[in-house]
Amino acid sequence: MTSVATGTDMSATTAVRRRRYVDRKSLLPLLLFLPPSLILFTLFVVLPMIDAATFSFFDWNGYGPITDFVGFENYADVITHRNFGTAVRNSLIVVAVSLLIQLPLAMWCAIALAERGTHINLIRVLFFLPYMLAEVAAGLIWKFVYDGNYGLLPAIGGAIGVDMPFVLGDKLWVIPAIMLVITWKYFGFHMMIFIAGLQSIPGEVIEAARLDGVSKWQIVRHIKIPMIRSAIVISVFFAITGALQLFDLIIPLSNGGPSHSSHTIVTFLYQFGILRMKLGFGGAVSVLLFIACVIVALAYRRILFKVEQN
Amino acid sequence: MATASKKRRPAISAAQWITLLIVAAFVIVPFYTTALGGFKEIGELRVNPFGLPASWDPVRFTEILGGPRYFSSLGNSLLIAGGTVVLSTLVASMTAFALAHIKFFGSKFILGYLMLGLLFPAATGILPLFIKMRDLGMLDSHWGIITVQVAFSVSFSVLLFHNFFKELPKELIDAARMDNCGYVRIYWYVTLPLCLPIIATVGVFNFVGSWNSFLLPLIVLNSEAKYTWPLGIMQFQGQYGSDWPRILAFLTLSIMPAIAFFLLAQRYVISGLTGGAVKG
C-alpha cells in the first residue's frame, strides 16, 4: 500500500517538475521554432538601441575602439543645436494637426461611409488609396502639385487671380503645405479603423434610439463616438507614433528645407547624425526619440486598459 | 403601424455628400494630374494643368519602359519584398506557434520580450544598425535588407499570429498529440493550413511595408544596380530636376503595380495595412 502510494506520488512530482520546465518531446521543436526570431530581434532591433545609448556617451567616429567618454556632452549638443527645437516643434505640429484635423475628417467620412453599398465601397477604397502609396511617391506627386513653375498650385492661383508663392521654398508656407500632404496621405487609414468600429455597433442600439426620436447628430455624439472609443484610442496612438517617425514624406517634399525649417525629429537625425556619421550625436537623438516613443506607448497602454475596463 | 412610423432617412444626407465629393476631389486630383502629366509637354503643363493632353503620345512612357532602370528597380523591390514576406511569415508563425501551443517555462517572458519592439520604431536605432551591418558585411546587399526587415517585422507579426493561434480550438492540437504527432508536424500540417487568412494579413502588411520602405535601403545600398524603386525614383527626380513630364511618367509607371495590387486584393490589403484592426 505505502509503496504504491509513494510510487504514484513520485511519478506525480516528476510529472509536475517536467511540465514546469519543458517536456522532453517539446524541446526539439522549441529549439527549432524560437531561435530565428529571437536572434534576429535581439541582433537588429534590441542591440542597436542599446548601442545607440552607449554611443551617446562617447565621441566616436565609427572606426576603431570606443574610447572618448564625454558624459552628457552629446545630449547637450543635441538640445542646444539650432535646428533641434524646430524639428521637435514640427513633429509636435504634425501630432496636433493629425489629432485636430485629420482624425475629425476621418471620423466625418467614416460616419457617412459606414453604411453598406456599392458606391460607398468605391469611395472608401478611393480614400484609402493614398495610404497604401509609398511615402516617396506621395511626396513627389505633391512636390509637383506645389511646384511654383509647372505645378497645380500656381495654376489654381492664376485662375482665381492670386499670385501663389513657391510654397515648399517658403519658410512660412512649407509646414502648412506638408500638413496638407499628411492629411491627404493618412486620413483614409484612420477612416477605415473608425468604419470597422462603427460597423461593430449592434444595429438595434441605433434603431432603438432612432425610434425614440433621437436626432442623427445626437446619435453620433452620444452613441456612436462613445461606443467606438477603443478604435479612437488605436487611431490616436498610430497618429502620434506615426508623427514621431515621419521621414519618407519630408525628404522628397522639402528635404528639411528651406534653411532647415521643415525638419522632423527623424530627418534631423538623418541630416545631422547619419549623413555626417556623428555616432554620439545621432545616438543621443535616438535615445531621446526612444524615450518619447516609450512614454507614448506606456501612456497608451494605461488609457487602453481604462477603456477596456469601462 | 410599425412600418408606417419607420420612415427611412436617406443613409447619407446632402451635406455629407457634398463634403464627400470635395474630399474625393482632394484625393483624386493629384493622381489625375500625375497620370496625365506624363503625356504633356513641359510648356503645356503650365498652360493646361487640368485638361486632357494635346496628344496622347506615350513617348516618355515607352522610353522609360525600354530603359534599364525601371524594370531593374521594380525587380529588386519585388525580390526584397518577396523574400521578406516568406521569411517573416515563417519565422513569426513558428515562434507564435511555440508560444501559443507548447507549454514551457519562460514562454510568457519571451512573448513579453518580443513585444518590446512595439514600444518604439525600429528606425530609431538606424545609425548603430548601420554600424552593425557594416561589421557583419551586410551593406549593399539585398540579403542584408531582407534580414533586417524580417527582424523589424518580428514583434508585430508574432503578435498577430499569436492572437490567431490562441483562438484555434485546443482539442485540435490535443487530438493530433494523441495520434503521436510531433509539434513540428502539427505546426506544418494542422495549424498553417488553418491560418491562411492571418498569413494573408501579415503577408500584405510586411509586403507593402517592404515595398514602400525608403530609409533602410537608402542607408544600406550603394550600387545603383541594386536600388529599390523608391531609391530609383528619387535618383531619377534628382537627375531630371524639373523635367516634370518625364518624372510624372516615371511616377505613374512606378505606382501602377501597387495600385493594381490594391484593387485586386482590396480586402486583404485593407485588413493587412490596418494591422488586423479592421476585419474584412
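**View 1. N180(B) is an exposed residue, with a relative accessible area of 61%, and sits in a loop between two helices of chain B.** Exposed stands for over 50% relative accessible area, buried for under 20% and partly exposed for values in between, with a 1.4 Å probe and protein chains only. This is a predicted model, in which local features need pLDDT of at least 70, side-chain atom pairs count only at pLDDT 80 or more, and totals for chains, interfaces and linings use all residues. Residues are numbered from 1 along each chain as its sequence is written, chains are lettered from A and ligands numbered from 1 in the order in which they are written, and side-chain values use heavy atoms, with hydrogens and water left out. The loop that holds N180(B) runs between α9 (170-178) and α10 (183-194) of chain B, where helices (H or I, at least four residues) and strands (E, at least two) are DSSP runs numbered from the N terminus. Although N180(B) is a residue other than glycine, its phi is positive, near 65 degrees.

**View 2. The loop between α13 and α14 of chain A contains N255(A) and P258(A).** The two flanking helices cover residues 250-253 (α13) and 265-274 (α14). N255(A) is not a glycine, yet has a positive phi of about 55 degrees, and with a relative accessible area of 43% N255(A) is partly exposed. Further along this loop, the peptide bond that joins G257(A) to P258(A) is cis, with an omega of about -10 degrees.

**View 3. E41(B) and R60(B) are joined by a salt bridge, with an N to O distance of 3.2 Å.** The term salt bridge is used here for a side-chain nitrogen of Lys or Arg within 4 Å of a carboxyl oxygen of Asp or Glu. E41(B) lies in the loop between α2 (14-37) and α3 (42-47) of chain B, while R60(B) belongs to helix α4 (residues 59-66) of that chain, so the pair ties together parts that are 19 residues apart in sequence. R60(B) counts as buried, at 12% relative accessibility. By this rule, the count over all chains is 7 salt bridges.

**View 4. Two loops of chain B are linked by the salt bridge between K226(B) and D140(B).** The closest N and O atoms of this pair are 4.0 Å apart. Since K226(B) is located between α12 (215-220) and α13 (229-240), and D140(B) between α7 (126-135) and α8 (142-167), the pair ties together parts that are 86 residues apart in sequence. The partners are covered to unlike degrees: D140(B) is buried, at 18% relative accessible area, whereas K226(B) is partly exposed, at 31%.

**View 5. A network of salt bridges links E63(B), D243(B) and R246(B).** Within this network, R246(B) pairs with D243(B), their closest N and O atoms lying 3.0 Å apart. D243(B) counts as partly exposed, with a relative accessibility of 24%.

**View 6. Charged surface patches appear on chain B, where one is positive, and on chain A, where one is negative.** Patches are made of residues with over 30% relative accessible area and no salt bridge, like charges being joined within 9 Å and nonpolar side chains (Val, Leu, Ile, Met, Phe, Trp, Tyr) within 5 Å. The positive patch consists of K103(B), K108(B), K166(B) and K170(B). One of these, K108(B), is found in helix α6 (residues 107-115) of chain B and is exposed, with a relative accessible area of 75%. The negative patch is formed by D59(A), D68(A), E73(A) and D77(A), among them D77(A), which lies in helix α4 (residues 73-80) of chain A and is partly exposed at 37% relative accessibility.

**View 7. Transmembrane regions are listed by UniProt, in unreviewed entries, for chain A and chain B.** UniProt positions follow the numbering used here, feature names are shortened, and annotations may be inferred rather than shown by experiment. In chain A, the listed spans include 27-50 and 231-251; residues 27-50 are 96% helix and 0% strand, with end C-alpha atoms 30 Å apart, and residues 231-251 are 81% helix and 0% strand, with end C-alpha atoms 31 Å apart. In chain B, the spans include 78-99 and 247-265. Residues 78-99 of chain B are 100% helix and 0% strand over an end-to-end C-alpha distance of 31 Å, and residues 247-265 of chain B are 95% helix and 0% strand over 28 Å. UniProt also gives "domain: ABC transmembrane type-1" (unreviewed entry) for residues 74-265 of chain B, a stretch that is 78% helix and 0% strand, with end C-alpha atoms 19 Å apart.

Key: Areas by Shrake-Rupley, 256 points an atom, 1.4 Å probe, with all protein chains shown as cover. Lys, Arg positive; Asp, Glu negative; His and termini not counted. Charge placed at Lys NZ, Arg CZ, Asp CG, Glu CD.
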